Amino acid sequence: MSSSTAELTAEPPRNQAHRAWPRSFAYVALLIIVLLSACTTMLAMRRTSTTFDEIVMIAGGARGFETGNFDIAPEHPPLTQYLYGLPVFLAGAKYPTEIKPPTDMGYRYRYAREFFWRVGNDPERVAFLGRLGAVASAAALIVAVFFFTLRWGTAAAVLAAVLTAFLPDLLAHGGIAYNDVPTALFVFVSLWAIDAAIREPTAKRGVLAGVLTALAVCIKFSAAALAPIAVLLLAAGAISARFERTWLKRAALATLAGALAGYLILVLVYRGDFVLTQFIYGMKYTFMHVNKGHGAPGYLLGNFNALGWWYFFPVVFFFKTPAALHLLGAL
C-alpha cells in the first residue's frame, strides 16, 4: 500500500478516537438524512409542473419498453430513458398511435405531449412515477458522498451527507426526471473509482472504474470529460510512483481491463450493438453542439451570445450556489 493510501485509510490517532462517532450511530444518521431529503423532494415534486425536456425522457423511455425502439432522442444516451420510463411502463401506460418513425427534433415533444395529456394517461401520476428514478439517484449520491468521506471519520461523513442532502440544487433537481442528478452521481463515483484504481492498480479496480465511467457516459455524453481527467490522474500517479516498472505494468493492466469492461457496458446499454452506431452518433452530435451552439443565444449577466461563454459555468456556480456553501468551502 502506498503512503498516500495508508494515510487516507488510517485509523484516527488514539487521542482523537474518543471523539469519533460509533459506526452504528453514523449509519442511523445517514438513513434519517436520506429519508428526510427524499421525502422533502417527493413532497415538492408533486406540486411542480413538468419541465420542457423531462416529458421526453419519461414518455420516450416508456415508449421504448413498449415498442423496443429507444430512438426518440438519439442524441441523448438511453440510460435515463430506461430509468424514468420503466416505472411508467410497468404501471400500464397508454401510448399515442404512431404513423411514422421519429424524423425531426419536434417529433419527440409532440409525442410526449400526446402521451401525457391526450391519450388518457393521468399526467400527474405519470410524472410522479417517472421522477422516482431521480429521487433514487439523489439518495444514492448522498450515500456515495457519505462512504467516500468516511475515511476521515464518521462525524465528517455525516456532515458531508447533510451538506449534500439539503443542498437546494439537489433538492430541486432530485425531483426532475432528467440527467443532471444521475450524471452528478456517476461522475462522482467514477472519479472515486478511477482514483482508487490509479493509487493501487489492479484489474478488479480497473474493471470497476471502467464500468462506472461507461455508465456515466450512458447517462450524459458530456461525461466523456472523465477521459482527460483520468489521463491527468494517471500521469500524476505515474509521477508519484516515480515511473516504477511494476506500477506501470499494473496500471497498464488496470487500464486495459477498464477499457474492455467499459466497452462491454456500452454494448449492453445499447442493447447488443457491438459497433455502437447510436452511441457514436450521439457523441458526434454532442461535440457539434458544443462547437456550434444550442441554436438559440445564451444569456448571461444581461448579454446574449450564440456561442456562449467559457466562464459561464463558474459564474453560474458562484451565483446559484448558496453563500453558506461558499463560506464552508473557503473554510
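Is Gly258 buried or exposed? Keep that one in mind while you look at the model, which is a predicted one. Here are my notes, point by point.

1. **Gly258.** To settle the opening question: Gly258 counts as buried, because its relative accessibility is 10% and the cut-off for buried is under 20%. You'll find Gly258 in helix H13, which covers residues 245-269.

2. **Who sits around Gly258.** Skip the neighbours within four places in sequence, and Gly258 is in contact with Gly206, Val207 and Gly210. Have a look at Ala203 too: Gly258 and Ala203 are 55 residues apart along the chain, yet their C-alpha atoms are separated by 7.5 Å.

3. **The chain as a whole.** Step back and you can count 16 helices and 2 strands in the chain. The C-alpha trace spans about 70 × 45 × 45 Å along its principal axes. How does the radius of gyration fit with a compact globule? For 331 residues, such a globule would come out near 20 Å, and the chain has 22 Å, which agrees.

4. **Inside and outside.** Of the 331 residues in the chain, 39% are buried. The accessible surface adds up to about 18,800 Å², and carbon and sulfur atoms own 69% of that. As for who touches whom, take the contacts between residues at least 6 apart in sequence: 69% of them join residues at least 24 apart. So don't just read along the sequence when you hunt for a residue's partners.

5. **A nonpolar patch.** Turn the model until you see Val28, Ile32, Leu36, Val162 and Phe166, which form a nonpolar patch on the surface. Together these residues have about 410 Å² of accessible area. Which helix gives the largest share of the patch? That's helix H3 (residues 23-45), with 3 residues.

6. **Val28 up close.** Val28 is a patch member with its place in helix H3. Val28 is partly exposed, since its relative accessible area is 48% and exposed would need over 50%.

7. **Thr321.** Next, go to the loop between helix H15 (312-320) and helix H16 (323-330), where Thr321 is found. Being in a loop doesn't put Thr321 on the outside here: its relative accessibility is 8%, so Thr321 counts as buried. A polar atom of the Thr321 side chain lies 2.7 Å from the backbone oxygen of Phe317. Leaving out residues up to four places away in sequence, Thr321 touches Asp169, Val316 and His326.

8. **Leu276.** Now for a backbone detail that's easy to miss. Leu276 isn't a glycine, but has a positive phi of about 55 degrees. Leu276 is found in the loop between H13 and helix H14 (277-292). Is Leu276 buried or exposed? With 8% relative accessibility, Leu276 counts as buried.

9. **Leu301.** Here's another leucine with a positive phi, this time of about 50 degrees. Leu301 has its place in the loop between strand S1 (298-300) and strand S2 (303-305). Leu301 is exposed, because its relative accessible area is 57%. Put the two leucines side by side: Leu276 is buried, whereas Leu301 is exposed.

Conventions
Residues are numbered from 1 along each chain as its sequence is written. This is a predicted model: local features need pLDDT of at least 70, side-chain atom pairs count only at pLDDT 80 or more; totals for chains, interfaces and linings use all residues. Side-chain values use heavy atoms; hydrogens and water are left out. Patches are made of residues with over 30% relative accessible area and no salt bridge: like charges are joined within 9 Å, nonpolar side chains (Val, Leu, Ile, Met, Phe, Trp, Tyr) within 5 Å. Accessible areas come from the Shrake-Rupley method with a 1.4 Å probe; for residues, only the protein chains shown count as cover. A salt bridge is a side-chain nitrogen of Lys or Arg within 4 Å of a carboxyl oxygen of Asp or Glu. Helices (H or I, at least four residues) and strands (E, at least two) are DSSP runs, numbered from the N terminus. Buried means under 20% relative accessible area, exposed over 50%, partly exposed in between (1.4 Å probe, protein chains only). The radius of gyration is taken over C-alpha atoms; the globule rule is 2.2 Å times the number of residues to the power 0.38. Contact means heavy atoms within 4.5 Å. A polar contact is a pair of N or O atoms within 3.5 Å; within protein, one must be able to donate a hydrogen and the other to accept it, and residues adjacent in sequence count only if both atoms are side-chain atoms.
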